[in-house]
Amino acid sequence: LYEKDLRSDSFYRRDKRIVAVDRSTSHYYVDEVDFGNALTRPYVYIFLQRLSQQFYNRFKERLKVTSLTRSYEDQVRLRRRNGNATLPERSPHVRGAGIDISCASMNSKQKQWMRDTLVELERANYLEATEERAQPTFHIMPFKRYASYVQRRLGMSDKNFVAYYGRITGGRIY
């Protein structure tokens with residue numbers, strides 16, 4: 001995704017292939033970052049909503065989101081400053097499918113819960129996750145099939161899930 005693709009009048013935004021993320025809710029907040037936008041793929045937004053709600057229900061603390069979608073141009077600029085940043089062509093953030101959650105202020109129980117939750121979802125092939133060491137962050141790339149997992153977990157019919165998904169994200173399932 002390029003900067004032009006992230007503008008409010010772009011095809012991706014009009015067709016709800018990229019949706020806006022609330023910057024602050026009762027169970028997560030998007031930290032101000034140099035690069036990036038509070039935008040993501042609808043299925044990533046569902047992932048953020050569910051994970052942050054589960055975390056909040058357990059620990060009564062909000063998750064700190066430090067990165068979502070970055071434009072190709074932003075990734076190039078970030079790579080100049082940060083040697084850990086990958087090529088734009090390889091970054092899930094540039095595809096609207098990456099999310100970073102800070103673990104800097106998490107205690108050991110919270111970090112372990114997050115690790116266990118992400119490992120379980122990764123083993124089931126719903127996402128890929130890495131716990132970065134240089135920056136205390138969980139780097140997560142949910143897969144589109146995560147939406148099907150949620151539908152099954154909620155026990156919803158296709159029709160009801162499409163309505164739920166649209167209500168939560170404002171987007172369609174692709």
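# Notebook: pockets, core and aromatic pairs

I began with the second largest pocket, for which I noted a volume of about 150 Å³. The model I am reading is a predicted one, and I keep that in mind for every entry below.

**Entry 1, the second largest pocket.** I listed the residues that line this pocket as Phe-47, Arg-50, Leu-51, Gln-54, Trp-113, Thr-117, Glu-120, Leu-121, Tyr-146, Tyr-149 and Arg-153. Looking up which elements give two or more residues to that lining, I found helix 3 (42-59), helix 5 (108-123) and helix 6 (146-154). Sorted by class, the lining has 6 nonpolar, 2 polar and 3 charged residues.

**Entry 2, the largest pocket.** I then turned to the largest pocket, whose volume came out at about 700 Å³. It is lined by 32 residues, and those that lie nearest its centre are Arg-70, Leu-78, Asp-100, Glu-132 and Gln-135. The elements that give two or more residues to this lining are strand 4 (63-67), helix 4 (72-81), strand 6 (127-132) and strand 7 (137-142). By class I recorded 10 nonpolar, 12 polar and 10 charged residues for the lining of the largest pocket.

**Entry 3, the nonpolar core.** Next I looked up the largest nonpolar core, which holds 39 residues, and noted that Phe-47, Ile-99 and Met-114 touch the most other members. At least two residues of this core come from each of strand 2 (28-30), helix 3, strand 4, strand 5 (99-102), helix 5, strand 7, helix 6 and helix 7. Helix 3 gives the most to this core, with 9 residues. I wrote out the contacts of Ile-99, leaving aside neighbours within four places in sequence, and found among them Val-44, Phe-47 and Leu-48, together with Val-65, His-93, Phe-138 and Ile-140.

**Entry 4, Ile-140.** From that list I followed Ile-140, which has its place in strand 7. Is Ile-140 buried or exposed? Its relative accessible area is 0%, so I entered Ile-140 as buried. Not counting residues up to four places away in sequence, Ile-140 touches Phe-47, Ala-97, Gly-98, Ile-99, Asp-100, Ile-101, Leu-118, Leu-127, Glu-128 and Ala-129. For one of these partners I also took a backbone distance: the C-alpha atoms of Ile-140 and Ala-97 are separated by 8.4 Å, although the two residues are 43 residues apart along the chain.

**Entry 5, helix 6.** I went back to helix 6 and asked which of its residues are buried. They are Tyr-146, Ala-147, Tyr-149, Val-150 and Gln-151, and what covers them includes helix 3, helix 5 and helix 7. Just after helix 6, I noted that Gly-155 takes a positive phi of about 65°.

**Entry 6, aromatic pairs.** How many aromatic pairs does a search of the whole structure find? The search finds 10. The rings of Phe-11 and Tyr-12 have their centres 5.5 Å apart and their planes at 70°, so I recorded this pair as edge-to-face. Phe-11 has 43% relative accessibility and therefore counts as partly exposed, and Tyr-12, at 25%, also counts as partly exposed. For Phe-161 and Tyr-165, the ring centres are 5.7 Å apart and the planes stand at 50°, so that pair is tilted. These two residues are 4 residues apart in helix 7 (residues 158-169), so about one helical turn separates them, and both Phe-161 and Tyr-165 are buried. I also noted that ring pairs link Phe-47, Tyr-126, Tyr-146 and Tyr-149 into a cluster. Of these cluster members, I had already met Phe-47, Tyr-146 and Tyr-149 in the lining of the second largest pocket.

**Entry 7, positive phi outside glycine.** Lastly I looked up two residues other than glycine that have a positive phi. Lys-16 has a phi near 60° and is found in the loop between helix 2 (11-14) and strand 1 (19-20). With 36% relative accessibility, Lys-16 counts as partly exposed. Asn-125, which is not a glycine, has a positive phi of about 65°, and I placed Asn-125 in the loop between helix 5 and strand 6. The relative accessible area of Asn-125 is 39%, so I entered this residue as partly exposed.

Terms used: Residues numbered from 1 in each chain as written. Predicted model: local features only at pLDDT ≥ 70, side-chain atom pairs only at ≥ 80, totals over all residues. Heavy atoms only, no water. Phe/Tyr/Trp six-rings, centres within 6.5 Å; stacked < 30°, edge-to-face > 60°. Buried < 20%, exposed > 50% of the residue type's maximum accessible area, 1.4 Å probe, protein only. 1 Å grid on protein atoms, 1.4 Å probe; cavity = no way out; pocket = protein on both sides within 12 Å on 5 of 7 lines; lining within 4 Å. Points joined across faces, edges and corners; volume = space filled by probe spheres on them. Nonpolar A, V, L, I, M, F, W, Y, C, P; charged D, E, K, R; others polar. Core = buried A, V, L, I, M, F, W, Y, C linked by side-chain atoms within 4.5 Å. Contact = heavy atoms within 4.5 Å.
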